[in-house]
Amino acid sequence: MPKYRCDNCGNKTRFDVVASERSKSFFHYSLGGELGIESREVLEFVVESVTCRWCGSNKSVVDDSAEVAASIEQ
Ligand SMILES: [Zn+2]
C-alpha cells in the first residue's frame, strides 16, 4: 500500500482514499445457505483520489513511499 503525505499541512496519518479494487475470494456457503467469505486476495488496487482529512486538500497529497523505501535501504 502507498504511504501518503500532505505537502500543504504536513499530515501523514489521515486520508480519505477512493479506490477501485479487483479481488479474488473463496465463497464458502454453509448448508443453511449462509455465506462466509474466506481468503480474500487483492489482485488490483487502483487509487482514484486521496484527500487530506486535516486540511481537505486533494492536490497537495503526495506519495511518500519512495522516500520511505530509500530510508529503509540506508
Ligand atoms: Zn493537509
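Let's start on the surface: strand 3 is the element that gives the most to a nonpolar patch, supplying three residues. Keep in mind as we go that this is a predicted model. The patch is made up of Met-1, Val-17, Val-42, Phe-45 and Val-47, and together these residues have about 440 Å² of accessible area. Val-17 is a good member to pick out, and you will find it in strand 2. Its relative accessibility is 41%, so Val-17 counts as partly exposed, because that class covers values between 20% and 50%.

From the patch, let's follow strand 3 to the metal site. This strand spans residues 35–52, and Cys-52 lies in it. Cys-52 is one of the residues that coordinate the zinc ion; its partners there are Cys-6, Cys-9 and Cys-55. Each of the four uses its SG atom, at 2.3 to 2.4 Å. What is the geometry around the zinc ion? The angles subtended by the four donor atoms run from 103 to 116°, which makes the arrangement tetrahedral. For comparison, the ideal angle for four tetrahedral donors is 109.5 degrees.

Now trace the donors along the chain, where their spacing reads C-x2-C-x42-C-x2-C. Within that pattern, Cys-9 and Cys-52 link distant parts of the chain, being 43 residues apart. Cys-9 sits in the loop between strand 1 (4–6) and strand 2 (15–29), whereas Cys-52 belongs to strand 3. Are these two donors buried or exposed? Cys-52 has a relative accessibility of 3%, so it counts as buried. Cys-9 comes to 34%, and therefore counts as partly exposed.

Next, take a look at the loop between strand 2 and strand 3, which is home to Glu-34. With 60% relative accessibility, Glu-34 counts as exposed, because the cut-off for that class is over 50%. Glu-34 still has partners beyond its neighbours within four places in sequence: it is in contact with His-28 and Tyr-29.

Our last stop is Asp-64, in the loop between strand 4 (61–63) and helix 1 (65–73). Here the relative accessibility is 7%, so Asp-64 counts as buried. Which residues does Asp-64 contact, once its neighbours within four places in sequence are left aside? They are Lys-3, Tyr-4, Arg-5 and Lys-12. If you have the model open, Tyr-4 is a handy landmark, as strand 1 covers residues 4–6 and Cys-6 is one of the zinc donors.

Terms used: Residues numbered from 1 in each chain as written. Predicted model: local features only at pLDDT ≥ 70, side-chain atom pairs only at ≥ 80, totals over all residues. Heavy atoms only, no water. Donors = N, O, S within 2.8 Å, 3.2 Å for Na, K, Ca; no water. Tetrahedral: all angles 85-135°; square planar, octahedral: opposite > 155°, others 65-115°. Helix = DSSP H or I, 4+ residues; strand = E, 2+ residues; numbered from the N terminus. Buried < 20%, exposed > 50% of the residue type's maximum accessible area, 1.4 Å probe, protein only. Contact = heavy atoms within 4.5 Å. Patch = residues over 30% accessible without salt bridge, like charges linked within 9 Å, V, L, I, M, F, W, Y side chains within 5 Å. Areas by Shrake-Rupley, 256 points an atom, 1.4 Å probe, with all protein chains shown as cover. Salt bridge = Lys/Arg side-chain N within 4 Å of Asp/Glu carboxyl O.
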